[in-house]
Amino acid sequence: MYAVIQTGGKQYKVSPGDVVKVEKLAAKAGETVEIKDVYLVSDGDTMSVGKPMLASAKVTAEVLDESKGEKVLIFKHKRRKGFRKTIGHRQHFTTLKVKEIKA
């Protein structure tokens, strides 16, 4: 069984027991979150596709951790002007463990 969900503007294919890193959510470690933006649920034999989302489907997940990703360096340079600038950024994300999928 798997589902296609949307959170943080991105879509993820998840199954029960999967560990997924998503954009930061407003939940603490150990809490349970419900994701109601479900596009597709497949049970092996049957597949339910929403237009655009399934109204009755939801995915329940447990928050494992909140942390930051790898540092991304942005380097700006203008030729012949002596302008050089380096900026760093670390994106926040939440680690989820999918508990169950309800269709």
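Visitor: In this predicted model, does Lys-102 count as buried, partly exposed or exposed, and at what relative accessibility?

Guide: The model is a predicted one. Partly exposed residues lie between the limits of 20% and 50% relative accessible area. Lys-102 falls between these limits, so the residue counts as partly exposed, at a relative accessibility of 39%.

Visitor: Which residue forms a salt bridge with Lys-102?

Guide: A salt bridge requires a side-chain nitrogen of Lys or Arg within 4 Å of a carboxyl oxygen of Asp or Glu. The closest N and O atoms of this pair are 3.9 Å apart. The partner counts as partly exposed, at 35% relative accessibility. The residue that forms the salt bridge with Lys-102 is Glu-100.

Visitor: How many salt bridges does the structure hold?

Guide: One of them joins Glu-100 and Lys-102. Another joins the side chains of Glu-23 and Lys-10, and Glu-34 meets Lys-58 in a further one. The number of salt bridges that the structure holds is four.

Visitor: How many residues apart are Glu-23 and Lys-10, whose side chains meet in a salt bridge?

Guide: The N to O distance in the salt bridge of Glu-23 and Lys-10 is 2.7 Å. The pair links distant parts of the chain, with Glu-23 in strand β3 (residues 19–23) and Lys-10 in strand β2. Glu-23 is partly exposed at 22% relative accessible area, and Lys-10 is partly exposed at 39%. In the chain, the two residues are 13 residues apart.

Visitor: Which residue is the bridge partner of Thr-7 in β2?

Guide: Strand β1 (residues 2–7) pairs with β2 in the antiparallel sense, over five bridges. Thr-7 has its bridge partner in β2, and that residue is Lys-10.

Visitor: Which strands are the edge strands of the open sheet of four strands?

Guide: The order of the sheet is β2-β1-β5-β6, with antiparallel pairing. An edge strand here pairs on one side only; the edge strands are β2 (10–14) and β6 (47–49).

Visitor: By what angle are neighbouring strands of this sheet turned against each other on average?

Guide: The sheet in question is the open one with the order β2-β1-β5-β6. With direction ignored, its neighbouring strands are turned against each other on average by 15 degrees.

Visitor: In which strand does Lys-58, the salt-bridge partner of Glu-34, lie?

Guide: The side chains of Glu-34 and Lys-58 meet at an N to O distance of 3.3 Å. This pair links distant parts of the chain, 24 residues apart, with Glu-34 in strand β4 (residues 32–35). Glu-34 counts as partly exposed at 44% relative accessibility, and Lys-58 is partly exposed at 22%. The strand that holds Lys-58 is β7.

Visitor: Over how many bridges do β7 and β8 pair?

Guide: β7 also pairs with β4 in the antiparallel sense, over four bridges, and Val-33 has Ala-61 in β7 as its bridge partner. With strand β8 (residues 83–102), the pairing is again antiparallel, and Lys-71 stands opposite Arg-90 in β8. The number of bridges between β7 and β8 is 18.

Visitor: Which residue takes a positive phi in the hairpin of β7 and β8?

Guide: This hairpin has four residues between the strands. The phi in question is near 65 degrees, and the residue that takes it is Arg-80.

Visitor: What accessible area do Val-72, Ile-74 and Ile-87 have together?

Guide: Ile-74 lies in strand β7 (residues 58–78). Patch residues have over 30% relative accessible area, and Ile-74, partly exposed, has 33%. With Val-72 and Ile-87, Ile-74 forms a nonpolar patch on the surface, and the accessible area of the three together is about 210 Å².

Notes:
Residues are numbered from 1 along each chain as its sequence is written. This is a predicted model: local features need pLDDT of at least 70, side-chain atom pairs count only at pLDDT 80 or more; totals for chains, interfaces and linings use all residues. Side-chain values use heavy atoms; hydrogens and water are left out. Patches are made of residues with over 30% relative accessible area and no salt bridge: like charges are joined within 9 Å, nonpolar side chains (Val, Leu, Ile, Met, Phe, Trp, Tyr) within 5 Å. Accessible areas come from the Shrake-Rupley method with a 1.4 Å probe; for residues, only the protein chains shown count as cover. Buried means under 20% relative accessible area, exposed over 50%, partly exposed in between (1.4 Å probe, protein chains only). Two strands pair if DSSP finds at least two bridges between them. Axes are lines fitted to C-alpha atoms, for helices over the stretch in contact, and angles run from 0 to 180 degrees between N-to-C directions.
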